[in-house]
Amino acid sequence: MTPTEQTAAPSTPITSRRRMLRYGVAVLIGLAGICYSSWILEFVLPIDSDPTNTFLSQLAEDGAPYRWLFSTGDTVTGALLLIAGIGGLLLFARRRYSTIAWTALACFGAATIADAQWPLKPGADSGGSGLFPQLHQVHALTSSLAVFSIFIAMVAFTVAAFGYDRWPILRHTGLWILIFGSIVTAWMLIADNLSGNYGLGIAQRIQVGAMSLWLLALAVQIVVAERRVGM
């Protein structure tokens, strides 16, 4: 064996190990996308709520009949994404936008865990209009941080995909999910300043559904990219 071969040989298992860890990150993100959809169970469980004018946070508020279920779903989601975000920082190339994206994803995970641990307090209302006054509690901060973080992650990953000319799924499917989710978020912000709720509950369910779909798109993109690298 030549000196060159002696130097090159150990790199193969290291590369293979790194690829498997990246697959692991994709699995964590995919599972998080599924767990973040636990709110769909409201349509099959005996829950007395109107999706049109109730927030998803109310499913896990103190005293809610299935609080443990929805709280667990959010906690698991947060834990998976916190690990995935840190793993992404360690395992993928360190570039400006991708670093922002992985950091924001980890922050989303942490904020989602906090969201589940500080649920809504029934009856606490600071006045105002629409559904948002119900969130004027500690839960308001955690929810706002979670939404802000996931949108930062979505935008940063999309910019990185275009800027670095990689990850085509995020440049196409992911981009459309981001645009759709942004439109729905604008719907929520504008409607809350008008009289009436304008289907804010429906808007939020669409918004969260878009987030879950985007997480699944990110997971699939990582798997596809790693398979191509290994070919």
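These legends accompany several close-up views of a predicted model.

Local features are described only at pLDDT of at least 70 and side-chain atom pairs only at pLDDT 80 or more, while totals for chains, interfaces and linings use all residues. Residues are numbered from 1 along each chain as its sequence is written, and side-chain values use heavy atoms, with hydrogens and water left out.

**Figure 1. The protein chain is built from helices.** It holds 8 helices and 0 strands. Read along the sequence, the pattern is α-α-α-α-α-α-α-α. Helices (H or I, at least four residues) and strands (E, at least two) are DSSP runs, numbered from the N terminus. Of the 231 residues, 45% are buried. Buried means under 20% relative accessible area, exposed over 50%, and partly exposed in between (1.4 Å probe, protein chains only). Contact means heavy atoms within 4.5 Å. Among contacts between residues at least 6 apart in sequence, 73% join residues at least 24 apart.

**Figure 2. I29 and W167 have the most contacts inside the largest nonpolar core.** This core has 44 residues. A nonpolar core is a set of buried Ala, Val, Leu, Ile, Met, Phe, Trp, Tyr and Cys residues joined through side-chain atoms within 4.5 Å. Helix 2 (11-35), helix 3 (67-91), helix 4 (96-117), helix 5, helix 7 (173-191) and helix 8 (200-230) each supply at least two of its residues. Helix 8 gives the largest share, 10 residues. Another core lies apart from this one. That second set has 6 residues, among them F55, V184, M188 and L200.

**Figure 3. I29 and L28 make contacts beyond their sequence neighbours.** Residues up to four places away in sequence are not counted for I29. Its partners are then L81, A84, W102, L105, L215, L218, A219 and I222. L28 is placed in helix 2. L28 is partly exposed, because its relative accessible area is 21%. Leaving aside neighbours within four places, L28 is in contact with L80, I83 and A84. The C-alpha atoms of L28 and A79 are separated by 9.3 Å. Those two residues are 51 apart along the chain.

**Figure 4. D165 and W167 both have a positive phi.** The angle is about 50° at D165, which is not a glycine. W167, also not a glycine, has a phi of about 50°. D165 is found in the loop between helix 5 (138-163) and helix 6 (168-171). W167 is placed in the loop between helix 5 and helix 6. D165 counts as exposed, because its relative accessibility is 61%. W167 counts as buried, because its relative accessibility is 7%.

**Figure 5. The side chain of R205 reaches a backbone oxygen.** R205 sits in helix 8. R205 is buried, because its relative accessible area is 5%. Its side chain comes to 2.7 Å from the backbone oxygen of T54. A polar contact is a pair of N or O atoms within 3.5 Å; within protein, one must be able to donate a hydrogen and the other to accept it, and residues adjacent in sequence count only if both atoms are side-chain atoms. Apart from neighbours within four places in sequence, R205 is in contact with W39, E42, P51, T54, F55 and L56.

**Figure 6. The largest pocket holds about 730 Å³ of space.** A pocket is found on a 1 Å grid over the protein atoms alone: it is an open set of points where a 1.4 Å probe fits, with protein on both sides within 12 Å along at least five of seven lines, and lining residues have an atom within 4 Å of a point. Grid points are joined across faces, edges and corners, and a volume is the space filled by probe spheres set on the points. The lining has 34 residues. S57, S143, V147, Q204 and Q207 lie nearest the centre. Helix 3, helix 4, helix 5, helix 7 and helix 8 give two or more residues to this lining. Helix 5 gives the most, with 8 residues. By class, the lining has 22 nonpolar, 10 polar and 2 charged residues. Ala, Val, Leu, Ile, Met, Phe, Trp, Tyr, Cys and Pro count as nonpolar, Asp, Glu, Lys and Arg as charged, and the others, Gly among them, as polar.

**Figure 7. The second largest pocket has a volume of about 160 Å³.** It is lined by 13 residues. F92, A93, S98, R166 and W167 are the closest to its centre. Helix 4 and helix 5 each supply at least two lining residues. The largest share, 3 residues, comes from helix 5. The lining divides into 8 nonpolar, 1 polar and 4 charged residues.
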